[in-house]
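Trainee: Before we look at the salt bridges and the packing, could you show me the model, so that I can follow each residue in it?

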Amino acid sequence: MEIDDILEQIRQMIIKANGCKYEELISPNQALTFSYTKKVLKKRDIDFSDENQRALGIKSESDSFYTNLASVLSDQCVHTIKVAVFNDEANTCIIDSEEFTGSVFKQVIKVYDFLKIRTARSASEKTERQDYPEEALYEALLNAVVHRDYSFSGSVIINVNNKQIEIISIGGLMSGLSLDDIKNGVIQPRNKKLAELVGKLQADKSYGTGIRKIYNLYRDCDVRPTIEATANSFKIILPNMNKSHSDNKPKVKITSQMKEIINYLEYNEYITEEDVQLLFTVKKTRSYIIMKDMEKAGLVYSEGRGVEKVYYLKK
């Protein structure tokens, strides 16, 4: 076993033995400065006096030492966010990368700006919507920073390609929670004090509804965001909203029978599987397969079930 793994296990044992959260422990570095965090708090009229630092959890109640929460908010924060941009969907060929340091508040803003620039569409590529909803990007970044496990030293990893953005943070689901719970809006913050402070800063943005907000922003998109979790990691994948419409549909060969059905629907309001049977003198199973393939190809859409199911031409 590597020495780093041994030290990590010892650190986890100390946290459990103390019976408190990592963010509440005394920071090993007491020479901390907060130039960026002070600016952020000042914009929200949040006092940074010694008394309020103790109330926020930045300093310990008993002896006024800086806590690990203070370390995360400080200019000397040792935790980083690493972003890599790839020119292939397998994420094997990097065309740009950057590591973001400083206060976690600064990291979120700088990464957010970086991603907006890297995913912006040129004037010649204008569509009705952006590749990624800006609010979804921001909420996903905020989620990664607020809920990551800071007792581990690894960075938040962000992979960007033409198809999607992956945001991977250290720290799996809190004990007792499932992915369905998270999607339903259940919140059990790993870093309670940090979450409370972000809540104060995001008072006008309904902080705490992040995951549900992300899914809602994709409600009209062919592909939805996905969440994956292991014992020690949490990943959210934001699909490119414009890429999903053109490239994620199943590739189905347009047959002569499909073309004939399209011609039929140009002059008729709808078609049934029974109509298809009569049109091509085929059995029920074959008519079902033909219409299912047309649905997959995005040529038609269906309404109703069983014998009442009808298919309409998709304009």
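**Helix 6 and its surroundings**

Mentor: In helix 6, the buried residues are Ala136, Leu137, Tyr138, Glu139, Ala140, Leu141, Leu142, Asn143, Ala144, Val145, Val146 and His147, where buried means under 20% relative accessible area, exposed over 50% and partly exposed in between, with a 1.4 Å probe and protein chains only. This is a predicted model, in which local features need pLDDT of at least 70 and side-chain atom pairs count only at pLDDT 80 or more, while totals for chains, interfaces and linings use all residues. Residues are numbered from 1 along each chain as its sequence is written, and side-chain values use heavy atoms, with hydrogens and water left out.

Trainee: How many residues of helix 6 are buried?

Mentor: Helices are DSSP runs (H or I, at least four residues), as strands are (E, at least two), and both are numbered from the N terminus. Helix 6 is mostly covered, and of its 14 residues the number that are buried is 12.

Trainee: Which helix gives the most residues to the largest nonpolar core?

Mentor: A nonpolar core is a set of buried Ala, Val, Leu, Ile, Met, Phe, Trp, Tyr and Cys residues joined through side-chain atoms within 4.5 Å. The largest has 58 residues, of which Ile58, Val83, Leu115, Ile158 and Ile167 touch the most other members. With nine residues, the element that gives the most to this core is helix 6.

Trainee: Which residues does Leu115 touch, leaving aside those up to four places away in sequence?

Mentor: Contact here means heavy atoms within 4.5 Å. With those sequence neighbours not counted, Leu115 touches Val83, Leu137, Leu141, Ile158 and Val160.

Trainee: Which parts of the protein does the salt bridge between Lys213 and Glu139 tie together?

Mentor: A salt bridge is a side-chain nitrogen of Lys or Arg within 4 Å of a carboxyl oxygen of Asp or Glu, and in this pair the closest N and O atoms are 3.1 Å apart. Lys213 is buried at a relative accessible area of 18%, and Glu139 is buried at 6%. Because Lys213 lies in helix 9 (residues 210-217) and Glu139 in helix 6 (residues 134-147), the pair ties together parts 74 residues apart in sequence, namely helix 9 and helix 6.

Trainee: Is Lys59, the partner of Asp50 in a salt bridge, buried or exposed?

Mentor: The side chains of Asp50 and Lys59 meet at 3.0 Å, N to O. Asp50 counts as partly exposed at 42% relative accessibility, whereas Lys59, at 12%, counts as buried.

Trainee: How many residues apart are Lys192 and Glu196 in helix 8?

Mentor: Their side chains meet in a salt bridge, at 2.6 Å from N to O, and Glu196 is partly exposed, with a relative accessible area of 36%. An α-helix has 3.6 residues a turn, so residues three or four places apart point the same way. Both Lys192 and Glu196 lie in helix 8 (residues 192-201), and their separation, about one turn of the helix, is four residues.

Trainee: Within what arc do the buried residues of helix 8 fall?

Mentor: In helix 8, Leu194, Ala195, Leu197, Val198 and Leu201 are buried, and what covers the buried residues includes helix 2 (35-43), helix 3 (50-56) and helix 6. The arc is that of the directions from the helix axis to the C-beta atoms. Seen down the axis of helix 8, its buried residues line one face of the helix, because they fall within an arc of 160 degrees.
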